Amino acid sequence: MSANPTTALKEPKSCTSTADQKDNMDDFKVQTAKHPNVGTVPLRTQSDQSKERTSKRLSSESNGTSEGGVGSSTPVEVTALEESFRRFAIHGDTRATGKEMHGKNWSKLCKDCSVIDGKNITLTDVDIVFSKVKKKSSRNITFDEFKTALGELARKKYKEKTGEEAEAEVFKLIEGKAPIIAGVTRAVASPTVSRLTDTSKFTGSHKERFDPTTGRGKGKAGREDVVDKSGYVSGYKHRGTYEKKVNKPTEGKPM
């Protein structure tokens, strides 16, 4: 009974701390066995992993997609409009990211999507609106500035409708559209080109390089002097007539 009560109270605490240290050492050995490079690469805590998942979710929502692929926080109409914006923004430019659009592709979008009608909206109106909405120090417009420009054109194109209705009509013209790629340009026939490509009218050394009958090139014979080993004089017009006379068919002649 003479034992100090404070000592009796401290003994369970020291035993508990020793047991906790032992458990921590066991956990450290298990983690070391699973991760042999624990000294070089620090292990991520649970809080760090949760922060990483949160950042991924926020980035996916900002891009208009969800991590599970269920849907998007952005309306369907805006997503379709932004997709068309990106298609036209990267058209003809391999270095474009699709986040900004320059004036040439802006004009092409308005032409291909029938925003320009030649009456209420002309190419001049499109250029003016582009210069109005873009920043002074930039040559491109962002997606938000793009929608602002469409709103300007919509109110001018559909004067009889309200601002929201007019914007909706213009958005429908653009949603889901892609740049129209023109076909191969055909050569236009002209007297000058025909004169330059007509081999029968060539003179001098150029005339000798083409056959006068077919118009095809003679190849090496038209570029170099090839020795004629037929036995005839050069330029002789009756070449081959002697062979025809000698080798006449003898069938039908009386003996």
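Q: Which exposed residues sit on the face of α7 turned away from its buried side?
A: First, the terms: exposed means over 50% relative accessible area, buried under 20%, partly exposed in between (1.4 Å probe, protein chains only). Helices are DSSP runs of H or I, at least four residues, numbered from the N terminus. In α7, that outward face carries E164 and K172. This is a predicted model, where local features need pLDDT of at least 70, side-chain atom pairs count only at pLDDT 80 or more, and totals for chains, interfaces and linings use all residues. Residues are numbered from 1 along each chain as its sequence is written, and side-chain values use heavy atoms, leaving out hydrogens and water.

Q: And which residues of α7 are buried?
A: An α-helix has 3.6 residues a turn, so residues three or four places apart point the same way. Here A166, V170, F171 and I174 are buried. They cover an arc of only 140 degrees around the axis (taken from the directions to the C-beta atoms), which puts them on the same side of α7.

Q: Which residues touch the most other members of the largest nonpolar core?
A: In soluble globular proteins, nonpolar side chains tend to be buried together. A nonpolar core is a set of buried Ala, Val, Leu, Ile, Met, Phe, Trp, Tyr and Cys residues joined through side-chain atoms within 4.5 Å. This one has 27 residues, and M101, W106, L109, F146, L150, L153 and I174 touch the most other members. The biggest giver is α6, with 6 residues.

Q: How far can I trust the chain, going by pLDDT?
A: That's the predictor's confidence in each residue, from 0 to 100. The protein chain averages 75, and 65% of the residues score at least 70.

Key
Helix = DSSP H or I, 4+ residues; strand = E, 2+ residues; numbered from the N terminus.
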